[in-house]
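Hi,

Here is the structure I promised to pass on. Have a look first, and my notes follow below.

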Amino acid sequence: MDTSPEGRLAIREVLNAIEAGLGNGETPIFPISVFQLKAGVNYNVDDKNYDLFRQACKVSAKRLFPKNNWGLTA
């Protein structure tokens, strides 16, 4: 929810690290990531952190755990 340049950088790098995973395609089960939506912060297209919301959605789609509970691969 931080919109300062430093806060945005920290969140961006955390999301990048989660997206990168552990190597060999492994998804970490901890820490569990939670993001919040709030109009005026990251919910609307013109909000300052909307790009981070989109990145969080992309990371969640790739690294949501459990990934393979029906034998499917992403």
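Let me start at the surface of this predicted model. There, I29, F30, I32 and V34 make up a nonpolar patch, and together they offer about 480 Å² of accessible area. One of them, F30, sits in the loop between helix 1 (5-20) and helix 2 (50-63). With a relative accessible area of 60%, F30 is exposed.

Next comes helix 2. Its 14 residues reach 20 Å from the first C-alpha to the last, close to the 20 Å expected at 1.5 Å a residue. Buried in helix 2 are Y50, L52, F53, Q55, A56, V59 and R63, and helix 1 is among the things that cover them.

From helix 1, R8 is worth a look. R8 counts as buried, at 13% relative accessibility. Beyond its neighbours within four places in sequence, R8 touches D2, T3, K48, N49, D51 and L52.

Finally, the aromatic rings: the structure has two aromatic pairs. F35 and F53 meet edge-to-face, 6.1 Å centre to centre and with 65° between the planes. This pair links distant parts of the chain, as F35 belongs to the loop between helix 1 and helix 2 while F53 is in helix 2, 18 residues apart. F35 counts as partly exposed at 40% relative accessibility, whereas F53 counts as buried at 16%. The other pair, Y50 and F53, is tilted, with 5.8 Å centre to centre and 50° between the planes. Y50 and F53 are about one helical turn apart because three residues separate their positions in helix 2. Y50 is buried too, at 19% relative accessible area. F35, Y50 and F53 thus form one aromatic cluster.

Best wishes

Notes. Residues are numbered from 1 along each chain as its sequence is written. This is a predicted model: local features need pLDDT of at least 70, side-chain atom pairs count only at pLDDT 80 or more; totals for chains, interfaces and linings use all residues. Side-chain values use heavy atoms; hydrogens and water are left out. Patches are made of residues with over 30% relative accessible area and no salt bridge: like charges are joined within 9 Å, nonpolar side chains (Val, Leu, Ile, Met, Phe, Trp, Tyr) within 5 Å. Accessible areas come from the Shrake-Rupley method with a 1.4 Å probe; for residues, only the protein chains shown count as cover. A salt bridge is a side-chain nitrogen of Lys or Arg within 4 Å of a carboxyl oxygen of Asp or Glu. Helices (H or I, at least four residues) and strands (E, at least two) are DSSP runs, numbered from the N terminus. Buried means under 20% relative accessible area, exposed over 50%, partly exposed in between (1.4 Å probe, protein chains only). The expected span of a helix is 1.5 Å times one less than its number of residues. Contact means heavy atoms within 4.5 Å. Rings of Phe, Tyr and Trp (its six-membered ring) pair if their centres lie within 6.5 Å; planes under 30 degrees apart count as stacked, over 60 as edge-to-face and the rest as tilted.
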